[in-house]
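Hi everyone, thanks for making time for this one. I'd like to walk you through a structure, so let me put it up on the screen.

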Amino acid sequence: MSSRNDSDRMIFNFNFDEYVDFETYRKRGGFSGMQKALAGNPISVIDQIRLSGLRGRGGAAFPAGTKIDMVRNNQEEERYIICNADEGEPGTFKDRFIMTHLPYQLLEGIIISAYAAGAEQGFIYVRHEYPEAQKEMRKAIKIAEEAGYLGDNILDSGFSLRLEIFSGAGSYLCGEETALLSSIEGKKGRPRVKPPYPTVSGLREKPTLINNVETLANIPKIIANGAEWYRAIGTDDSSGTKLISLSGDVKKRGLYEVPFGTSFHEIIYSYGGGPKDGREIKAVNIGGASGVLIPPELLHVSLEYGSCAEAEITIGSGAIFVLDDTRDILDNVHNRLRFFLHESCGKCTPCREGLRQASILLERIREGTSADGDIEKLERYTNAMQDASFCGLGQAAGNSLKSSLKYYRSEYLQPGMAAMHEKEKVTV
Ligand SMILES: Cc1cc2nc3c(=O)[nH]c(=O)nc-3n(C[C@H](O)[C@H](O)[C@H](O)COP(=O)(O)O)c2cc1C
Ligand code: SF4
């Protein structure tokens, strides 16, 4: 496993204050993956990505090579590539960093993936709140076109790619891939029924490859250095590194590139410097608003898809928010519920009504006016949202609530109720 100081074994290896321009990127070996890919054939590019074990970094962790192959294996000639740069998950700021500091690494990843998928048109869907990222990506596209790296017949390979920036309009839900497609098509940004998946029927009903910014920016090094090289980073279960957006009550908040297999304890204490002086960690939120709250006793778990699944931790987009002992768990959970209530499109009842009712109940509990059975009701609503919501927003909206009921149940009990529960425990 690579150490965190092993710069040759990093994918981004960034310096926070440095903007890597076109010439600098090229001098450091940038675009060699693209040249290698274009000199070979799409199938061997897909094989390398598949062998690398790269999984999507946008939240669902779907194998990247398999997804490209699904798009490639379509009869339709017209295909699209879309880079999902909506980055709506609260507390996540990695994609913005890539676009504003490493734009050519992202462009190279998009070009290689488009070539492998056979997509000759594409969009980078950047959230409206990121004007600087939009500007940087527009500039990078123009410079790459002038160099012959984008546009018609790239480097005389016979492959062409036309890339445009599409600005989102401030909706969290539009980060969901099918809502994003509707948004580009000029329709309301609402999720569609799946299947068919975008790989078969995506933009304008054509096969479409949709990947997150970080996923795509991993690809140049996989192709330049080979799948073996990539697999040596991280663990057998989860290869590569993950960009972690670390915030909350730690000494050194910021963006870190962390090899998979590193424990959450190390991320918080070694990278983040631990809690502020005199304070202790009360809880850690992993995976953003749609993620879970875990107690300090679980920090030994490794950043790894398998270990996290076993411990019921969602890595999501890699946001980690630390709450020290001055924080109110219910306030934190309530904030997340209100966020989802605001962002829910209201199309389906479990999400629309579940969020509303859960928010009312939580408010009652916080005010000290709750009734007997309110906690159990909260649990029922959370389960219903998870099981019956139409899209990922509703399915994940109750994660922090559910995990807080598991690990911080005592915080929900008002003095009278707490006494009653203690009595029940004794009776049992
Ligand atoms: C409500 C919701 C919001 C999402 N927002 C984003 C987002 O901002 N960026 C992103 O890359 N994926 C987001 N996703 C995941 C995408 O639907 C999709 O899985 C992802 O873009 C695929 O890329 P990947 O395979 O590279 O991870 C969101 C999903 C849901 C359900
Ligand atoms: S789960 Fe929520 S956001 Fe998704 S379709 Fe249903 S109401 Fe809309």
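**A walk through the model**

Let's begin with Asp 156, which counts as exposed because there are just 8 other C-beta atoms within 10 Å, and 12 or fewer is the cut-off for that label. Before going further, please keep in mind that this is a predicted model.

Where does Asp 156 sit? Asp 156 belongs to the loop between α7, residues 131-146, and β3, residues 162-167. Its backbone deserves a look too: Asp 156 is not a glycine, yet has a positive phi of about 60°. As general background, most residues other than glycine have a negative phi. In space, the C-alpha of Asp 156 is 9.9 Å from that of Ala 39, although 117 residues separate the two along the chain.

Ala 61 is another residue, not a glycine, with a positive phi, here near 60°. You'll find Ala 61 in the loop between α3 and α4, the latter being 64-72. Is Ala 61 buried, exposed or partly exposed? Ala 61 is partly exposed, because its count is 18 other C-beta atoms within 10 Å, and a buried residue would need 20 or more.

While we're on the backbone, let's turn to peptide bonds. In general, most peptide bonds are trans. Which residues are joined by a cis bond here? One such bond links Lys 194 to Pro 195, with omega about -5°. Another cis bond links Pro 195 to Pro 196, with omega about 5°. As for location, Pro 195 is in the loop between α8, residues 177-184, and β4, and Pro 196 is likewise found in the loop between α8 and β4.

Now for the helices. α6 covers residues 103-117, which is 15 residues, and the distance from its first C-alpha to its last is 21 Å, close to the 21 Å expected at 1.5 Å a residue. How many residues of α6 are buried? The count is 15 of the 15, so α6 is largely enclosed by the rest of the structure. Just after α6 comes Gly 118, whose phi is positive, about 75°.

Compare that with Lys 139, over in helix α7. Lys 139 is partly exposed, because it has 13 C-beta neighbours inside 10 Å. For a sense of distance, the C-alpha atoms of Lys 139 and Lys 282 are 44 Å apart, with the two positions 143 residues apart in sequence.

Next, helix packing. Two packed helices are described by the angle between their axes and the distance between the axes. I have a pair of examples, and α9 takes part in each.

Take α3, residues 42-52, and α9: the axes are 10 Å apart and the angle is about 105°. That makes α3 roughly perpendicular to α9, because the angle falls in the 65 to 115 degree range. On the α3 side the contact uses Val 45, Gln 48, Ile 49 and Ser 52, and on the α9 side Ile 219, Ile 222 and Ile 223. By class, this contact has five nonpolar residues, two polar and no charged ones.

The other example is α5, residues 94-101, against α9, residues 213-225, with axes that come within 9 Å and cross at roughly 50°. That makes α5 oblique to α9. Here Lys 94, Asp 95, Ile 98 and Met 99 of α5 meet Val 213, Glu 214 and Ala 217 of α9. The class tally for α5 with α9 is four nonpolar, no polar and three charged residues.

Finally, the ligands. Which residues come closest to ligand 1? They are Gly 56, Gly 58, Gly 175, Asn 212 and Gly 392, within a shell of 21 residues. β4, residues 208-212, and α16 each supply at least two residues of that shell, and the largest share, three residues, comes from β4. By class, the shell around ligand 1 has six nonpolar, ten polar and five charged residues.

Ligand 2 is surrounded by 14 residues, and the closest are Cys 345, Cys 348, Cys 351, Cys 391 and Gly 394. The elements that give two or more residues to this shell are α14, residues 349-367, and α16, residues 392-397. Its make-up is eight nonpolar, four polar and two charged residues. So if you rotate the model to α16, you are at an element that supplies residues to the shell of ligand 1 and to the shell of ligand 2.

Terms used:
Residues numbered from 1 in each chain as written. Chains lettered and ligands numbered in written order. Predicted model: local features only at pLDDT ≥ 70, side-chain atom pairs only at ≥ 80, totals over all residues. Near = placed C-beta within 6 Å. Helix = DSSP H or I, 4+ residues; strand = E, 2+ residues; numbered from the N terminus. Nonpolar A, V, L, I, M, F, W, Y, C, P; charged D, E, K, R; others polar. Axes fitted to C-alpha atoms, helices over the stretch in contact; angles between N-to-C directions. Parallel < 35°, antiparallel > 145°, perpendicular 65-115°, else oblique. Contact = placed C-beta atoms within 7 Å. Expected span 1.5 Å × (residues − 1).
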